[in-house]
Amino acid sequence: MSLFSFFKANAWNFASPVGGRSSAMAYSSVALRDFWSICNNPAGISTWKDLSMGVYYENRFLMKELSYKNIALIIP
């Protein structure tokens, strides 16, 4: 019998959607089919036919400590 209960607490959401389009849509990016689907919803790149690479940088609250960086590569 366990007397202790362990809970996971996160101070940061590492699963934040990337891309300007999903950011503009309040991070609702599940149904989008664009390049950044590789990070947001990998099934969205199923019909992608081009070799592509992208870099994403988001500076939150003008603090470099809170910035979010992402590099993605699609090889069909």
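**Exercise 1.** Find the residues of the largest nonpolar core and the strand that gives the largest share.

*Solution.* Start with the list: the largest nonpolar core has eight residues, namely Val 18, Phe 35, Trp 36, Ile 45, Tyr 56, Tyr 68, Ala 72 and Ile 74. Next, look at where they come from: strand 2 supplies the largest share of this core, three residues. A core here is a set of buried Ala, Val, Leu, Ile, Met, Phe, Trp, Tyr and Cys residues joined through side-chain atoms within 4.5 Å. Strands are DSSP runs (E, at least two residues), numbered from the N terminus.

Keep in mind that this is a predicted model: local features need pLDDT of at least 70, side-chain atom pairs count only at pLDDT 80 or more, and totals for chains, interfaces and linings use all residues. Residues are numbered from 1 along each chain as its sequence is written, and side-chain values use heavy atoms, with hydrogens and water left out.

**Exercise 2.** Decide whether Met 53 and Asn 70 are buried or exposed.

*Solution.* First, the cut-offs: buried means under 20% relative accessible area, exposed over 50%, partly exposed in between (1.4 Å probe, protein chains only). Met 53, in strand 1, has 60% relative accessibility, so it counts as exposed. Asn 70 sits in strand 2; its relative accessible area is 14%, so it's buried.

**Exercise 3.** List what Asn 70 touches, leaving aside neighbours within four places in sequence.

*Solution.* Contact means heavy atoms within 4.5 Å. On that basis, Asn 70 is in contact with Val 18, Trp 36, Cys 39, Gly 54, Val 55 and Tyr 56. Now try Phe 35 with that sequence filter: its contacts include Ile 45, Met 53 and Ala 72.

Technical notes: Helices (H or I, at least four residues) and strands (E, at least two) are DSSP runs, numbered from the N terminus.
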